[in-house]
Amino acid sequence: MGPIWSSYYGNCHSLLFMADASNPTQISASCAQLLGLLSAEQLEEASVLILFNKIDLPCNMTIEEMKSLIRLPDLIAFAKRNITT
């Protein structure tokens with residue numbers, strides 16, 4: 001679905017980005033997708049909420065480890081907008 005996301009950017013004020021917390025490999029891949037969204041000119045003013053879903057499943061990662069996998073400190077430093085998790 002990622003390739004068609006840009007057709008929905010117009011008039012966007014908020015961005016909800018969901019990452020699957022039960023799949024560490026997918027969280028890392030999600031970082032690249034999120035960087036692409038954050039670099040989109042049409043979304044530069046949008047607030048961002050990152051949700052980690054499936055945290056109730058057996059998982060050996062803490063929230064801090066998930067934030068590290070998605071490189072949250074780097075994303076916040078890179079972004080020109082408010083990012084919440």
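Okay, let's start with a term: a salt bridge here is a side-chain nitrogen of Lys or Arg within 4 Å of a carboxyl oxygen of Asp or Glu. Keep that in mind, and keep in mind too that what you see above is a predicted model.

So, how many salt bridges does that rule give us? The count comes to 3. Let me take them one at a time.

The pair I like to begin with is Lys54 and Asp20, whose side chains meet with 3.4 Å from N to O. Where do these two sit? Lys54 is in the loop between β2 (47-53) and α2 (63-69), while Asp20 is in strand β1, so this salt bridge ties together parts that are 34 residues apart in sequence. As for how open Lys54 is, its relative accessible area is 37%, which makes Lys54 partly exposed.

Next up is Lys67 with Glu64, where the closest N and O atoms are 3.8 Å apart. This one stays inside a single element: both residues belong to helix α2, 3 residues apart, and that puts about one helical turn between them. Is Glu64 buried or exposed? Exposed, with 54% relative accessibility.

And then there's Arg71 with Asp74, with 3.1 Å between the closest N and O atoms. Arg71 comes out as partly exposed at 42% relative accessibility, and Asp74 is partly exposed as well, at 41%.

Right, on to the sheet. A bit of background before the details: strands of a sheet pair through backbone hydrogen bonds, either parallel or antiparallel. Which one do we have here? The sheet is an open one of 3 strands in the order β1-β2-β3, and the pairing is parallel. β1 and β3 are at the edges with a single partner strand each, so each has one side with no neighbour in the sheet.

Let's walk across it. Between β1 and β2 there are 7 bridges, in the parallel sense. To get from one to the other, the chain leaves β1, passes through helix α1 (residues 24-38) and arrives at β2, and that β-α-β crossover is right-handed. If you want to find the pairing on screen, look for Ser14, which has Ser47 of β2 opposite, or for Leu15, whose bridge partner in β2 is Val48.

On to the next pairing. β2 and strand β3 (residues 83-84) are joined by 2 bridges, again parallel. Here Val48 faces Ile83 of β3, and Leu49 has Thr84 of β3 opposite.

Stay with β2 for a moment. In a regular strand the side chains alternate between the two faces of the sheet. Now look at what that gives in this model: Val48, Ile50 and Phe52 are on the covered face of β2, and Ser47, Leu49, Leu51 and Asn53 are on the uncovered one.

Back to Ser14 for a second. This residue lies in strand β1, and with 54% relative accessibility Ser14 counts as exposed. How far is Ser14 from Leu43 in space? The C-alpha atoms are 8.3 Å apart, though 29 residues separate the two in sequence.

You can set another pair beside that one. Ser6 is in the segment before β1 and is partly exposed, at 42% relative accessibility. From Ser6 to Leu16 is 10 residues along the chain, with 14 Å between their C-alpha atoms.

Last topic: pockets. Rolling a probe the size of a water molecule over the atoms shows where empty space is left. In this model, the largest pocket holds about 160 Å³ of space. Who lines it? The residues are Trp5, Tyr8, Tyr9, Cys12, Leu15, Leu16, Phe17, Met18, Leu37 and Leu43. Which element gives the largest share of that lining? Strand β1 (residues 14-20), with 4 residues. And how does the lining divide by type? It's 10 nonpolar, no polar and no charged.

Notice that some names come back. Leu15 is in the pocket lining and is also bridged to Val48 in β2. Leu43 is another lining residue, and we met Leu43 a minute ago at 8.3 Å from Ser14.

That's my tour, thanks for listening!

Definitions and conventions. Residues are numbered from 1 along each chain as its sequence is written. This is a predicted model: local features need pLDDT of at least 70, side-chain atom pairs count only at pLDDT 80 or more; totals for chains, interfaces and linings use all residues. Side-chain values use heavy atoms; hydrogens and water are left out. On a 1 Å grid over the protein atoms alone, a cavity is a set of points where a 1.4 Å probe fits but cannot get out, and a pocket is an open set with protein on both sides within 12 Å along at least five of seven lines; lining residues have an atom within 4 Å of a point. Grid points are joined across faces, edges and corners, and a volume is the space filled by probe spheres set on the points. Ala, Val, Leu, Ile, Met, Phe, Trp, Tyr, Cys and Pro count as nonpolar, Asp, Glu, Lys and Arg as charged, and the others, Gly among them, as polar. Buried means under 20% relative accessible area, exposed over 50%, partly exposed in between (1.4 Å probe, protein chains only). Two strands pair if DSSP finds at least two bridges between them. A crossover is right-handed if, with the strands pointing away from the viewer, the path from the first strand over the helix to the second runs clockwise.
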